[in-house]
Amino acid sequence: MRKPVTLITGAGGEIGHGLIERLAAEGRSAIITIDLLPLDPTLAHEVEREFVGSILDTNLLERVLSEYEIDTIYHLAAILSTRGEFTPVTAHQVNVEGTLNVLDFAQAQGESHGRPVTFLYPSSIAAYGLPDLDTKARVGKVKEHEWNQPMTMYGCNKLYCEHLGSYYNLHYKQLAAEHLAGKVDFRAIRFPGLISAVTLPSGGTSDFAPEMIHAAAQGQPYACFVRPDSRIPFMAMPDAVEALLTLAAADRGQLRTNVYNITAFNPSAAEIRDLVLAGFGAASITFETDVKRQAIVDSWPADVDDSAAKTQWGFSPRFDLEHAFSEYLIPNIRARYETT
Ligand code: AKB
């Protein structure tokens with residue numbers, strides 16, 4: 001008998017951290033993880049089994065298939081937007097070939113136990129590409145089907161994998177070849193920039209916001225790599241984790257699409273700096289634009305329309321901008337660095 005579990009790939013990353021804590025606290029399903037590196041010891045004891053390895057290793061995936069019966073997969077492993085521009089071929093391998101391996105693994109899982117596997121995929125605002133700042137200012141909130149011309153390798157990978165996921169989706173069972181028939185229930189969220197009080201991102205382009213806050217809390221000066229007027233959507237990490245869990249639990253019948261925008265607030269970099277200064281009066285924040293990273297942020301929308309997520313599966317973030325800072329970020333980040 002194989003053991004029923006939830007699988008998280010890329011579990012050691014920022015979202016994985018919060019997700020493992022939340023899933024372990026719920027205790028509804030045992031968790032197994034795949035990550036290139038061993039998990040942080042504070043998380044390792046929360047999981048049933050930790051596989052240290054790559055999603056590109058199909059032998060590893062076959063081993064997992066033979067030992068565990070998986071109902072839900074959170075496929076978080078990815079190379080983010082800035083890092084992906086330095087190593088585009090590796091980004092494509094991890095983000096596309098890796099995702100294809102995990103989708104195919106999900107299909108095999110579903111076939112082996114006879115039920116569709118719920119497959120949660122974090123896509124991104126990087127799937128969008130606005131051609132210039134005038135257009136960005138004019139269009140405001142973008143809908144899921146609009147402006148799908150990403151300018152980064154990561155954005156191209158995310159957009160394409162949304163399509164791959166939809167190909168595997170059970171909605172396509174009529175169209176798919178017999179062996180693909182309907183065993184992957186693919187659900188994607190296009191996340192905005194995420195800000196965690198507990199972890200720091202690495203390799204992303206929305207990182208300027210979390211980096212600014214974490215640097216201020218440690219009394220370190222920070223040079224923000226985008227202009228003060230740069231504006232993209234953001235969300236506090238607990239709301240991102242909650243959104244994944246809510247979408248995973250949604251009745252498939254309510255979902256009219258496979259890919260959903262979500263957001264909570266969309267401050268400019270200058271507005272983030274002002275909030276950081278209000279929380280950490282001694283912070284030293286300057287602006288030194290990095291041309292390539294600025295171009296990426298300029299191509300991302302200033303805001304997204306998340307009405308489909310709100311009406312179809314009840315997405316409702318707890319933290320607006322003010323409360324994200326006053327109730328979540330400032331107190332938790334302060335406590336974190338005071339005790340280290
Ligand atoms: C990145 O900056 O690459 C990510 C994202 C917005 O998907 N945080």
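A residue is called buried under 20% relative accessible area, exposed over 50%, and partly exposed in between. Keep that scale in mind, because E67, at 30% relative accessibility, lands in the partly exposed class. What you have here is a predicted model with 13 helices and 13 strands. Of its 340 residues, 56% count as buried. Below is a quick tour, from the overall fold down to single side chains.

**Overall shape**

- A compact globule of 340 residues would have a radius of gyration near 20 Å, and the protein agrees with that, since its own value is 20 Å.
- Along the principal axes, the C-alpha atoms take up a box of roughly 60 × 45 × 40 Å.
- If you look at contacts with a separation of 6 or more, 77% of them are between residues 24 or more positions apart.

**Nonpolar cores**

- In soluble globular proteins, nonpolar side chains tend to be buried together.
- The largest nonpolar core here has 74 residues, and the members that touch the most others are I8, Y74, F208, I262, V276, W313 and L329.
- Helix 9 (residues 237–249) is the top contributor to this core, giving 8 residues.
- There's also a second, separate core of 28 residues, with I34, I55, A106 and F186 among them.
- Leaving out residues up to four places away in sequence, I8 touches L19, I20, L23, I31, I32, T33, I34, Y74 and L76.

**Strand 7 and its neighbours**

- Strand 7 (184–191) is mostly covered, with 8 of its 8 residues buried.
- In a regular strand the side chains alternate between the two faces of the sheet.
- For strand 7, V184, F186, A188 and R190 point one way, while D185, R187, I189 and F191 point the other way, and all of these are buried.
- Strand 5 (117–124) runs parallel to strand 7, and 8 bridges join the two.
- Within that pairing, V184 in strand 7 has V117 standing opposite.
- Strand 11 (259–261) also runs parallel to strand 7, joined by 3 bridges.
- A188 has V259 of strand 11 as its bridge partner.

**Helix 7**

- Helix 7 covers residues 153–168, and its length checks out: at 1.5 Å a residue its 16 residues should span 22 Å, and the end C-alpha atoms are indeed 22 Å apart.
- The buried residues of helix 7 are Y154, G155, N157, K158, L159, C161, E162, L164, G165, S166 and Y168.
- The cover over those buried residues includes helix 4 (81–86), helix 5 (88–113), strand 5, strand 7 and strand 11.

**Salt bridges**

- Side chains of opposite charge can pair when their charged atoms come close.
- Searching the whole structure turns up 15 salt bridges.
- One of them pairs E67 with R49, with the closest N and O atoms 2.7 Å apart.
- That pair ties together distant parts of the chain: E67 sits in helix 3 (residues 58–67) and R49 in strand 3 (residues 49–52), 18 residues apart.
- R49 counts as partly exposed because its relative accessibility is 27%, and E67 is partly exposed too, at 30%.
- E162 and R190 make another salt bridge, at 2.7 Å from N to O.
- This one links helix 7, home of E162, to strand 7, home of R190, across 28 residues.
- E162 is buried, at 3% relative accessibility, and R190 is buried with a relative accessible area of 3%.
- R227 and D298 meet in a salt bridge as well, at 3.2 Å from N to O.
- Here R227 comes from the loop between strand 9 (222–224) and strand 10 (234–236), and D298 from helix 11 (residues 291–299), 71 residues apart.
- The two partners fall in separate classes: R227 is partly exposed at 23%, whereas D298 is buried at 14%.
- Beyond the pairs, R22, E26, R28 and E242 are joined into one network by salt bridges that share partners.

**Q294 in helix 11**

- Q294 lies in helix 11 and counts as buried, since its relative accessible area is 4%.
- Setting aside residues up to four places away in sequence, Q294 touches F225, V226, R227, S230 and T289.
- R227 therefore turns up twice: in the contacts of Q294 and as the salt-bridge partner of D298, with R227 itself partly exposed.

Methods: Residues are numbered from 1 along each chain as its sequence is written. This is a predicted model: local features need pLDDT of at least 70, side-chain atom pairs count only at pLDDT 80 or more; totals for chains, interfaces and linings use all residues. Side-chain values use heavy atoms; hydrogens and water are left out. Helices (H or I, at least four residues) and strands (E, at least two) are DSSP runs, numbered from the N terminus. The expected span of a helix is 1.5 Å times one less than its number of residues. Buried means under 20% relative accessible area, exposed over 50%, partly exposed in between (1.4 Å probe, protein chains only). Contact means heavy atoms within 4.5 Å. A salt bridge is a side-chain nitrogen of Lys or Arg within 4 Å of a carboxyl oxygen of Asp or Glu. A nonpolar core is a set of buried Ala, Val, Leu, Ile, Met, Phe, Trp, Tyr and Cys residues joined through side-chain atoms within 4.5 Å. Two strands pair if DSSP finds at least two bridges between them. The radius of gyration is taken over C-alpha atoms; the globule rule is 2.2 Å times the number of residues to the power 0.38.
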